[in-house]
Structure formats: structure tokens, C-alpha cells
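Good morning, and thank you for the opportunity to present. Please take a moment to look at the sequence and the structure before I begin.

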Amino acid sequence: MDFPFDIYDVADKIGLVLKRQHNKSADYNCPFCDGIGKLNLNVEYNAYRCNKCGAYGGMLDLFCKCTNVPDRKTAYRFLNATSSDDFSIQNREQRQATVSSIKEVPKADIERLDFCYRAMLDELEFDTPHKWNLLDRGLSEEVIQENLYKSVPVDTYNILVDKLLEKDCDLIGVPGFFTDVNEEIRVNIHNHMCGFFVPVFNEKRQIQGMQIRLDTMDTKRKYMWFSSAEKMNGCLSKSPVQISGDVFGGNAIYVTEGALKGQIAHFLSGKPFAATAGVNQQKELETLFQRLQRESQCKIIVDAFDMDDDTNEHVRRGHQSLAWLADKYGFIPKRIVWDRRYKGIDDYLLSMKNNGGI
Ligand SMILES: [Zn+2]
């Protein structure tokens with residue numbers, strides 16, 4: 001169906017606050033959870049999704065949820081009748097031209113991702129303050145080396161591409177790389193990105209993607225994906241699940257959020273962990289559960305998401321979604337609870353270790 005308005009027009013009508021404009025989408029403050037810049041509106045599909053609370057849907061749903069309009073049909077009639085001025089039509093045409101000029105590419109296969117990311121990490125250093133951060137969180141020197149954490153380069157990222165091309169890396173289709181207006185391959189790193197790469201491994205220890213752990217005091221925006229979504233010849237990371245330990249071999253696996261947290265919790269406990277990027281980002285977890293159902297003896301899914309569900313409704317919903325998802329694929333959903341002074345399973349395990357408990 002051709003709409004005489006798009007999702008940005010809807011956002012204007014319901015007064016959403018724009019925080020960041022990208023090529024094919026824009027980040028607004030979320031009206032459902034008040035997440036600052038967390039609601040991503042995609043103008044190509046006229047759909048929204050919140051990276052914090054997980055709310056999602058189409059633009060007519062968004063309009064209904066934020067107004068007292070009862071259904072999509074009524075919303076369409078109302079928006080149609082009020083979206084006719086020349087100025088908004090012109091804006092919309094410009095937006096459509098931008099969207100159709102940006103062509104993303106499919107993500108490379110796992111072998112190529114692993115090859116290119118390893119080649120890239122091999123060129124980078126790991127700064128001492130970053131290493132101290134990981135030692136403080138309970139990892140050993142050995143595991144820090146094995147997991148290939150590396151600092152985001154500050155000035156040298158442009159020569160990085162040349163080095164990777166010399167190493168025969170085929171970078172188009174690798175999230176994080178794209179082409180600029182001169183059709184030169186670029187890496188999506190900027191000077192304001194200070195932090196370190198956290199490689200996200202599958203069960204064969206192949207690197208499926210990378211997160212960047214930012215050096216920021218803002219506890220709510222500490223992680224981002226190394227991605228080149230919405231850039232020419234770029235692609236999305238698609239939020240792969242970090243696998244630590246023998247997830248396919250035992251009868252229970254633990255699920256937490258955050259690749260690094262999963263890696264630390266596995267190291268401290270020896271248990272198999274699957275880690276999603278966020279408590280409400282469970283799409284790839286569903287794919288994993290389908291595989292576990294077919295290929296493993298796993299019977300129990302242990303919820304090890306954060307313990308702040310007493311104060312955070314989004315975490316509360318994440319726990320519920322996980323239990324529901326585990327049950328859907330025939331697993332027994334269980335939950336591990338610990339002292340609420342320690343929000344994450346990694347913090348709790350570290351306190352146990354430091355107190356001689358494990
Ligand atoms: Zn939200």
C-alpha cells in the first residue's frame with residue numbers, strides 16, 4: 001500500500017523528540033520507556049523498534065499507541081486527511097531519494113567474517129587501562145589474550161583498511177566496513193569512539209561480529225555494535241549471540257545479556273553461557289534454541305539476566321520473554337537468583353571469588 005505519509009510524519013504528529021538522524025532511519029526518545037534516543041524509526045519500512053524496551057511495530061501502531069485512536073484503519077484515515085501540505089510531500093520525496101540511493105549488502109559468511117576480524121584485531125594494540133579494566137572484572141591475562149580484545153585505534157583507522165586489503169581481506173559484507181563517495185573502502189570508526197573491541201564468538205570460536213565497549217561514564221550507552229548499517233555497501237551486525245563454553249554438550253545453559261558479561265561469567269563459573277546483546281534482544285537467541293533443540297541434549301535454560309528487575313520493568317519483561325521462549329522450544333526455564341547488591345551475574349561471581357566462595 002502506498003501511504004501519503006511516512007513514519008517521520010507520524011513522529012512529528014505525536015511529538016517524538018529526534019536525537020540522531022541516519023540515512024535510512026532516525027533515533028528518537030522512546031515514548032514507552034523514556035529511553036533517550038532509543039526508539040529507532042526506519043523510514044524504508046515505516047517501522048519502529050526500541051533498543052531499550054523492545055517495543056516494535058509499524059507506523060500506524062505507533063500512532064495508535066501514542067494517541068487515543070482505536071485502530072489502524074482510523075489512524076490511516078486521520079493521517080491521510082492531515083498529510084497533504086506541499087512542504088511535507090517535498091520532504092518525504094527527498095527522504096525517499098536518500099533511502100533508495102543507499103544500497104546495503106548481505107552479511108558475509110562466518111568464515112570470511114572470522115578471517116577479516118582476526119586480521120583486523122591482529123593489527124591493533126590493547127591499551128593498558130583497558131586491560132586493567134578486564135583484570136578488575138575478574139578475567140585472567142590468558143583469557144584476555146585468547147578472547148582477542150583490542151583497543152579501538154584513535155588516529156590510524158584509515159591505514160587499517162589498506163593493511164587489511166594487503167592481507168587479502170574481502171571487506172564488503174563485513175559489518176563495520178562500507179564505501180565512501182569515491183568508492184573507496186572505509187572502516188566505520190571515528191575519533192570520538194574511544195574504547196575496545198569485544199569479539200563475539202560462536203561455538204566454534206569463530207568471530208561472528210564485534211561490539212565496542214566505549215570509555216564512557218554513561219552507564220546506559222556503554223556498548224555499540226561494530227556495524228556499517230545504512231551506509232553504501234555496508235551491513236548490519238544482526239546482533240549475534242556470544243557462545244562461551246560447551247553450550248551443545250551439557251543439559252543446561254545459562255543466558256545473560258552482554259557478550260563481555262557472558263565471557264566473564266563463563267570464565268568465573270565454568271558454566272556454558274549464551275549472551276544476547278540486550279535483555280530484550282532475543283531474536284538470535286530463538287535461532288540458537290532451535291539449533292539446541294535439534295542438535296543437543298540441553299534440557300534446561302537458566303535465566304541469568306540482571307537482578308535489577310525489581311526496579312527496571314524492561315529487565316522484568318526480558319526475564320518473562322526468556323522463560324516463554326525456553327518453554328516454546330520444550331526446555332525447562334529456570335532462573336538463578338543472587339544477592340541484589342550485585343546487578344550482573346559477573347559481579348556476583350567475582351564477589352564470590354574474592355570472598356573465597358568459589
Ligand atoms: Zn523504549
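How far apart do the C-alpha centres of domain 1 and domain 2 lie? Before answering, I should state that this is a predicted model. The two C-alpha centres are 33 Å apart. The domain assignment of the protein chain places domain 1 at 7-101, domain 2 at 110-225 and domain 3 at 242-354.

Let us turn to a pair of helices. In general, two packed helices are described by the angle between their axes and the distance between the axes. Here, helix H1, residues 7-14, and helix H2, residues 59-66, have axes that come within 9 Å and cross at roughly 5°. H1 is therefore roughly parallel to H2, since angles under 35 degrees are counted in that class. On the H1 side, Ile 7, Val 10 and Ile 14 take part, and they meet Met 59, Leu 62, Phe 63 and Cys 66 of H2. Sorted by class, this contact contains seven nonpolar residues, no polar ones and no charged ones.

I now move to a sheet. It is open and has five strands in the order E12-E14-E13-E15-E16, with mixed pairing. Strands E12 (242-244) and E16 (332-335) stand at the edges with a single partner strand each, so each has one side without a neighbour in the sheet. On average, and ignoring direction, neighbouring strands are turned by 25° against each other.

Strand E15, residues 300-303, runs parallel to E16 and is joined to it by four bridges. Asp 303 stands opposite Arg 335 in E16. Finally, helix H9, residues 259-269, packs on this sheet and touches E12, E13 and E14. The direction of H9 makes about 165° with that of E14.

Conventions: Residues numbered from 1 in each chain as written. Predicted model: local features only at pLDDT ≥ 70, side-chain atom pairs only at ≥ 80, totals over all residues. Axes fitted to C-alpha atoms, helices over the stretch in contact; angles between N-to-C directions. Helix = DSSP H or I, 4+ residues; strand = E, 2+ residues; numbered from the N terminus. Parallel < 35°, antiparallel > 145°, perpendicular 65-115°, else oblique. Contact = placed C-beta atoms within 7 Å. Nonpolar A, V, L, I, M, F, W, Y, C, P; charged D, E, K, R; others polar. Domains from an automatic or database assignment. Pairing = 2+ DSSP bridges.
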